[in-house]
Amino acid sequence: MMRTTMLFAPGNNPAIVQNAGVLGADSIIFDLEDAVAQQEKDSARILVRNALINIDYGNCETTVRINSLEYSEWEEDIKEIVKGKLDGIIVPKIESVKGIKAVEKVLDKQGDIARNIFIIPLIETALGIENVFEILNSSSRIKAVLFGAEDYTADIGAKRTKKGVEIMYGRSRIVNAATAAMVEAIDTPFTDIDDFEGLKEDVQFAKDIGFSGKAVISPRHCSIVKELFSPSQEEIDYALKVINAIQKAKEEGKGVVSLDGKMIDAPIVNRANKVLKLSGLEGV
Amino acid sequence: MKVKEMVKSGSLESSDLLVMITPLTEGEGLKLEINSIVKKQYGDRIRDIVMEVLNESELEDSLILIQDRGALDYAIKSRVETALSRIRNKEE
């Protein structure tokens, strides 16, 4: 599946946890880390585990941001949440392959129930950015990467701005590494929940530089992010024309394919397939 | 399992519940009090869920106060489980 919107839901808030599946996101990230006070970590873990066991989230993908590997809770988080219908784990502050291997080992120990659970590393430090390609290539469980700009800017000592000049290097490096490792690149959330114009600009920019989706911290951001990341009718029509031209050329035994006077090469076909995948028309 | 001092879990937010477990004198058993905005409609259901979790815990001689704010079954179960786990952790 393509994850255009990944919605953070505080893990200790039943009102949000139980309704997260109907707020318009492709994926939910039940948060056991930053959104939960230290003295409520146990409570949130149990609530999320029971929600995953009892609540039907329909087509919405379910993921959990576990606690950081720096603290002791993360292993217990994994052991509990895999008991429910869980699709993936978001691992915060990943800086090296070592962190992924540690999480992979604990998941493997859980046996069959955790066999298909994927990992999304959250890259949010300077060291993580520098090691991102190696990290993304370290496990077959990794399906996407998420950029965390708030912690990243704090780490590099920069001021976080809406324009995001200070995170340009981090964003580009993540997109490049994700493409090379053949996983999805998910952009950092836009944190001003009332600035919808700023959100649109931020999403458009993220899409233009190659991200395939974005994390959101407010349900009110879901529809805007989803709409902007979804291909336009014009893009879908062109993608279908490309695929049709390729199929026709194959049938006719032609090696070189052209469309509207332009040569169609592998990158154009890849882009067309990506557009059709995003619009749910893959294989049509 | 015995509770030595009051243990709490949950909150009074909408869709949540506050669970408070306090010690009673030996031999008094378990006493359950439920306050809920939907007690008339769901009081028996809340009682059944709470008792199901309590019965698995071997908790003795305690007063269990539930202040419910319209929590679903999974949340009721979760908050009682959390309170019991906190009692267990204090015993260790």
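Here are some short exercises, each with a worked solution, on a predicted model with chains A and B.

**Exercise 1. Work out which way the residues of strand β7 of chain A point, and which strands pair with it.**

Start with the strand itself, residues 184-187 of chain A. E184(A) and I186(A) point one way, while A185(A) and D187(A) point the other way. That fits a general pattern: in a regular strand, side chains alternate between the two faces of the sheet. Are these residues buried or exposed? All of them are buried.

Next, look for partners. Strand β6 (residues 144-147) of chain A pairs with β7(A) in the parallel sense, over three bridges. One spot to find on screen is V145(A), whose bridge partner in β7(A) is A185(A). Strand β8 (residues 213-216) of chain A also pairs with β7(A) in the parallel sense, this time over two bridges. Here I186(A) has G213(A) as its bridge partner.

Last, follow the chain from β7(A) to β8(A). The path goes through helix α9 (residues 196-208) of chain A, and this β-α-β crossover is right-handed.

**Exercise 2. Find the buried residues of helix α10 of chain A and say what they pack against.**

First, pick out the helix, residues 222-229 of chain A. Its buried residues are C222(A), I224(A), V225(A) and F229(A). A bit of helix geometry is handy here: an α-helix has 3.6 residues a turn, so residues three or four places apart point the same way.

Then see what surrounds them. The buried residues of α10(A) pack against β1 (5-10), α9, β8 and α12 (266-278) of chain A. You've already met α9 and β8 in the crossover of the previous exercise.

**Exercise 3. Describe how chain B meets chain A.**

Begin with the residues: 12 from chain B are in contact with 16 from chain A. Now for the area. The size of an interface is often given as the accessible area lost when the parts come together. Between chain B and chain A, about 1200 Å² is buried, and carbon and sulfur atoms give 46% of that. Which residues of chain B lose the most area to chain A? They are Y74(B), R79(B) and R86(B), which together account for 48% of what that side buries.

Now go through the polar side of things. There are three salt bridges between the two chains, and 10 residue pairs in polar contact. One salt bridge to look up joins R86(B) to E40(A), with the closest N and O atoms 3.2 Å apart.

Finally, view the interface from chain A. N50(A) sits in helix α2 (residues 41-54) of chain A. Leaving aside neighbours within four places in sequence, N50(A) is in contact with Y74(B), K77(B), S78(B) and E81(B). Why does N50(A) count as buried? Because its relative accessibility is 2%, and the cut-off for buried is under 20%.

**Exercise 4. Place three salt bridges within chain A and check how exposed their partners are.**

Take R115(A) and D112(A) to begin with. Their closest N and O atoms are 2.5 Å apart, and both residues are exposed.

Move on to R173(A) and E130(A), whose side chains meet at 3.7 Å, N to O. R173(A) lies in helix α8 (residues 168-181) and E130(A) in helix α5 (residues 126-130), so the pair ties together parts 43 residues apart in sequence. At 29% relative accessibility R173(A) is partly exposed, and at 41% E130(A) is partly exposed too.

The third pair is D195(A) and K162(A), with 2.7 Å between the closest N and O atoms. D195(A) is in the loop between β7 and α9 of chain A, and K162(A) is in the loop between α7 (149-156) and α8, 33 residues away. D195(A) counts as buried at 19%, whereas K162(A), at 48%, is partly exposed.

For a last step, look for a salt-bridge network. Shared partners join D31(A), E33(A), D34(A), R65(A) and K93(A) into one network. Over all chains, the count comes to 38 salt bridges.

Notes. Residues numbered from 1 in each chain as written. Chains lettered and ligands numbered in written order. Predicted model: local features only at pLDDT ≥ 70, side-chain atom pairs only at ≥ 80, totals over all residues. Heavy atoms only, no water. Buried < 20%, exposed > 50% of the residue type's maximum accessible area, 1.4 Å probe, protein only. Helix = DSSP H or I, 4+ residues; strand = E, 2+ residues; numbered from the N terminus. Pairing = 2+ DSSP bridges. Right-handed = clockwise from strand over helix to strand, strands pointing away. Contact = heavy atoms within 4.5 Å. Buried area = accessible area lost by both parts, 1.4 Å probe. Salt bridge = Lys/Arg side-chain N within 4 Å of Asp/Glu carboxyl O. Polar contact = N/O pair within 3.5 Å; in protein donor to acceptor, adjacent residues only side chain to side chain.
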